[in-house]
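Thank you all for coming. I would like to walk through one model this morning, moving from a strand to a helix and then to the empty spaces.

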Amino acid sequence: MTHGRLADRVPDLAALELLLAVARLGSLGRAARETGISQPAASGRIRGMERMLGVALVERSPRGSTLTDAGVLVTDWARRVVEAAEAFDAGAEALRGRRDSRLRVAASMTIAEYLLPGWLVALRARRPGTAVSLLAGNSAAVAERLRAGEADLGFVEGIALPAGLSGAVVARDRLVVVTAPAHPWARRRAPLDAGELAATPLILRERGSGTRQVLDAALAAHGGLTEPLLELASTTAVKAAVVGGAGPSVLSELAIGEELASGRLVEIPVGDLDLHRALRAVWPAGHRPTGPARDLLSLTQGS
């Protein structure tokens, strides 16, 4: 039995395609032109194949090139190998097409509502045939979906990268303390003290949300957040409660532009508190996004 690597004993596809062209065209020069190489390179490739196999394959004469008896047999085998390679290529293309026909995105609520729509419109212009499904949830849920293989690309708002994920910053955001115009804080002349904010029951997103994580971390040095007045599962619900006068909250600047402009919400300055945060695209560590996920990532980084 012959031992060693098969790749060291079998000619590569380029050599086999050249041999098939010689058989079909009856000329090494014409076969070289068809396969896009020079005639000397074609001659060298045929000689290399003959050395590898230990038999003569092509007889050259002023009238052209003809196959030896061994060359005829090898050409028949070569045809089957090339046909198998073509089937392999077609299958791989079908897999790429199936992958590229869908994109599963998981995004935290703020990003899903205020940033992702614009990015998806741009992606649709670049990849009109790609169907996009969006799973919206808090940042912890986004990380879980990615780790479970249920999403191709995610977007989160937390302080740092969730465990097991890689990522890139795609935007910056700031959390803002807001109240309804009738709240006593709206009449303050001095900035709110961070300790007073920490001690005040607020209307907040649930634990696991990126907004909640950032606020918890920022107020840790000021006694930590007291028990919330209300815990709600969406930014829209929190805004509605604050506008209705239920109490103050801390929300993403991205989410409250319209309410601040119309006067339905009032921003309350806070001293000695940094509420800026990074918004990140994330994916499973060691698996850089490909296909539509790669294109969406490039669009977010170019925005």
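Why is strand E11 (residues 276–284) described as largely enclosed by the rest of the structure? Because 7 of its 9 residues are buried, where buried means under 20% relative accessible area with a 1.4 Å probe and protein chains only; strands (E, at least two residues) and helices (H or I, at least four residues) are DSSP runs, numbered from the N terminus.

Before going further, please keep in mind that this is a predicted model, in which local features need pLDDT of at least 70 and side-chain atom pairs count only at pLDDT 80 or more, while totals for chains, interfaces and linings use all residues. Residues are numbered from 1 along each chain as its sequence is written, and side-chain values use heavy atoms, with hydrogens and water left out.

Returning to E11, this strand pairs in the antiparallel sense with strand E6 (residues 165–179) over 9 bridges, and also in the antiparallel sense with strand E5 (residues 153–156) over 3 bridges; two strands pair if DSSP finds at least two bridges between them. Within E11, Pro-284 is the bridge partner of Leu-165, and Arg-280 stands opposite Val-156.

Helix H9 (residues 210–219) is mostly covered as well, with 7 of its 10 residues buried, among them Thr-211, Arg-212 and Leu-215. Those three residues also help to line the largest cavity, which has a volume of about 40 Å³. A cavity is a set of points, on a 1 Å grid over the protein atoms alone, where a 1.4 Å probe fits but cannot get out, and lining residues have an atom within 4 Å of a point; the volume is the space filled by probe spheres set on the points, which are joined across faces, edges and corners. H9, strand E7 (203–205) and strand E9 (249–252) each supply at least two residues of this lining.

Val-238 and Leu-251 are also among the residues lining the cavity, and Leu-251 brings us to Lys-239, since the list of residues in contact with Lys-239 (heavy atoms within 4.5 Å), leaving aside neighbours within four places in sequence, includes Leu-251, Ile-256 and Glu-259. Lys-239 sits in helix H10 (residues 235–243) and is buried, with a relative accessible area of 10%. Its side chain makes a polar contact with the side chain of Tyr-114 at 3.0 Å, a polar contact being a pair of N or O atoms within 3.5 Å, of which, within protein, one must be able to donate a hydrogen and the other to accept it, and residues adjacent in sequence count only if both atoms are side-chain atoms.

Terms used:
Buried means under 20% relative accessible area, exposed over 50%, partly exposed in between (1.4 Å probe, protein chains only). On a 1 Å grid over the protein atoms alone, a cavity is a set of points where a 1.4 Å probe fits but cannot get out, and a pocket is an open set with protein on both sides within 12 Å along at least five of seven lines; lining residues have an atom within 4 Å of a point.
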